[in-house]
Amino acid sequence: MELNKLLRKNIALLKPYSSAREEYTGEAMVFLDANENPFNEPYNRYPDPLQKKLKKGISKLKNIDNNKIFLGNGSDEPIDLLIRAFCELGVDNIVSLNPTYGMYQVAADISGVELRKVSLTESFELDSKLTLEKTDENTKLIFLCSPNNPTGNSLNREAIIEVIQNFKGLVILDEAYIDFAPGKSFLPELAKYPNLIVLQTFSKAWGMAGIRLGMAFASPEIIAVLNKIKYPYNINILTQQKAIELIEKKDEVEKWVKLLIAEREKMAVLLSDFPFVIQVFPSDANFLLVKMHDAKGIYNYLVEQGIIVRNRSKVHLCDNSLRITIGSSEENETLLNAFNEFI
Ligand SMILES: *Cc1c(COP(=O)(O)O)cnc(C)c1O
């Protein structure tokens, strides 16, 4: 794969902004290079543009080299940057699934890039043949999401590999929910597939949606492209510090994940007993997609009770379905009690 051929020409030619903190990176006694205020330590200093300390922690955690990691302001940032780096407005296109995470479409729309949707099968599976057939010579990116949002299932591994191996552009595999899934991440496969980019996030299993930290893992060449076009100081000091702190509490995160998976399995059984529930779809994530009679009526009833779930009824293949996040056992109990009172 020739990355330069895939890149937009202006990006290939771009001379990136060179920040003070990149030009000189060593230790010093006095920093008078960035027009910072000498008062209000440590917030007066610009953050490390390449987040080296944080990446060291992530590198150890994920068993992957520093130069294969990009950190963004949520996963939203690498999603947007990849589109802007590789897709020419009005010329190139992207292929993604239907239904899937809404942000790929929004980011494509903002960049004025066509996004072609391939329907999942009735059982929410990836049809690799259909997906590849949807591509043409101007397709630069394919977005896959596994476990998928809002369906909750993991996509078939062989089908994902089929797409990666037979597509000449880049395949972005969004693994936002991988910590809740029994299947393995594609991270160890990166070396095998130079056109693969894996996205993960601190927003779900790590319980840090508020600090906005997303990760992209790929070849050093792809990571270099993202670093070249990002805002120089895209991850602020507070986020970097907090993430370093929380990575050290990894054992606690593992406990949360175990608890949430147990709650998910319990909720799947209990929810399927309600007479208005038609089907609880199997989930490898921290939410359940539940098909009901009159999802809208039930959604409105829950709002009245102060309980907010996501109505996905208008989404392709998700007719009359609510997406319910797995909360704490108390929160889940509150939902079950509300359902009990509904019947
Ligand atoms: C929640 C979610 C994310 C997380 O996005 P952040 O910007 O990192 O908070 C990414 N992808 C999918 C599919 C999601 O559902």
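**Close-up 1. Polar partners of the ligand in this predicted model.** In the side chain of D174, an N or O atom sits 2.7 Å from a nitrogen atom of the ligand. Y177 faces an oxygen atom of the ligand, with a polar side-chain atom 2.6 Å away. K204 has an N or O atom in its side chain 3.3 Å from an oxygen atom of the ligand. If you look at the wider surroundings, you will find 13 residues around the ligand, and the ones that come nearest are D174, Y177, S203, K204 and R212.

**Close-up 2. Where helix α5 meets helix α6.** Here you can follow α5 (residues 76-86) as its axis comes within 9 Å of the axis of α6 (residues 103-110). The two axes cross at roughly 45 degrees, and α5 and α6 are therefore oblique to each other. The crossing in which α5 passes α6 is right-handed. On the α5 side, D76, I79, D80 and I83 make the contact, while α6 brings M103, Y104, A107 and A108. Sorted by class, the residues of this contact of α5 with α6 are 6 nonpolar and 2 charged, with no polar ones.

**Close-up 3. Where helix α5 meets helix α9.** Now stay with α5 and look for its contact with α9 (residues 220-229). The axes of α5 and α9 come within 10 Å and cross at roughly 95 degrees, which makes α5 roughly perpendicular to α9. From α5, the residues L81, L82, A85 and F86 meet V225, L226 and I229 of α9. What classes of residue does the contact of α5 with α9 have? There are 7 nonpolar residues, no polar ones and no charged ones.

**Close-up 4. A cis bond and a positive phi in the loop between α3 and α4.** Most peptide bonds are trans, and most residues other than glycine have a negative phi. Try spotting P42 in the loop between α3 (20-23) and α4 (52-62). The peptide bond from E41 to P42 is cis, and its omega is near -5 degrees. The loop between α3 and α4 also holds N35. Phi of N35 is positive, near 55 degrees, in a residue other than glycine.

**Close-up 5. A cis bond in the loop between β4 and α8.** Which residues does this cis peptide bond join? S146 and P147 are the pair, and omega is about -5 degrees. To find P147, follow the loop between β4 (139-145) and α8 (157-166).

Note on methods
Residues are numbered from 1 along each chain as its sequence is written. This is a predicted model: local features need pLDDT of at least 70, side-chain atom pairs count only at pLDDT 80 or more; totals for chains, interfaces and linings use all residues. Side-chain values use heavy atoms; hydrogens and water are left out. Axes are lines fitted to C-alpha atoms, for helices over the stretch in contact, and angles run from 0 to 180 degrees between N-to-C directions. Helices (H or I, at least four residues) and strands (E, at least two) are DSSP runs, numbered from the N terminus. Angles under 35 degrees count as roughly parallel, over 145 as roughly antiparallel, 65 to 115 as roughly perpendicular and the rest as oblique. A crossing is left-handed if the near helix is turned anticlockwise from the far one by less than a right angle, and right-handed if clockwise. Contact means heavy atoms within 4.5 Å. Ala, Val, Leu, Ile, Met, Phe, Trp, Tyr, Cys and Pro count as nonpolar, Asp, Glu, Lys and Arg as charged, and the others, Gly among them, as polar. A residue is near a molecule or strand if one of its heavy atoms lies within 4 Å of it. A polar contact is a pair of N or O atoms within 3.5 Å; within protein, one must be able to donate a hydrogen and the other to accept it, and residues adjacent in sequence count only if both atoms are side-chain atoms.
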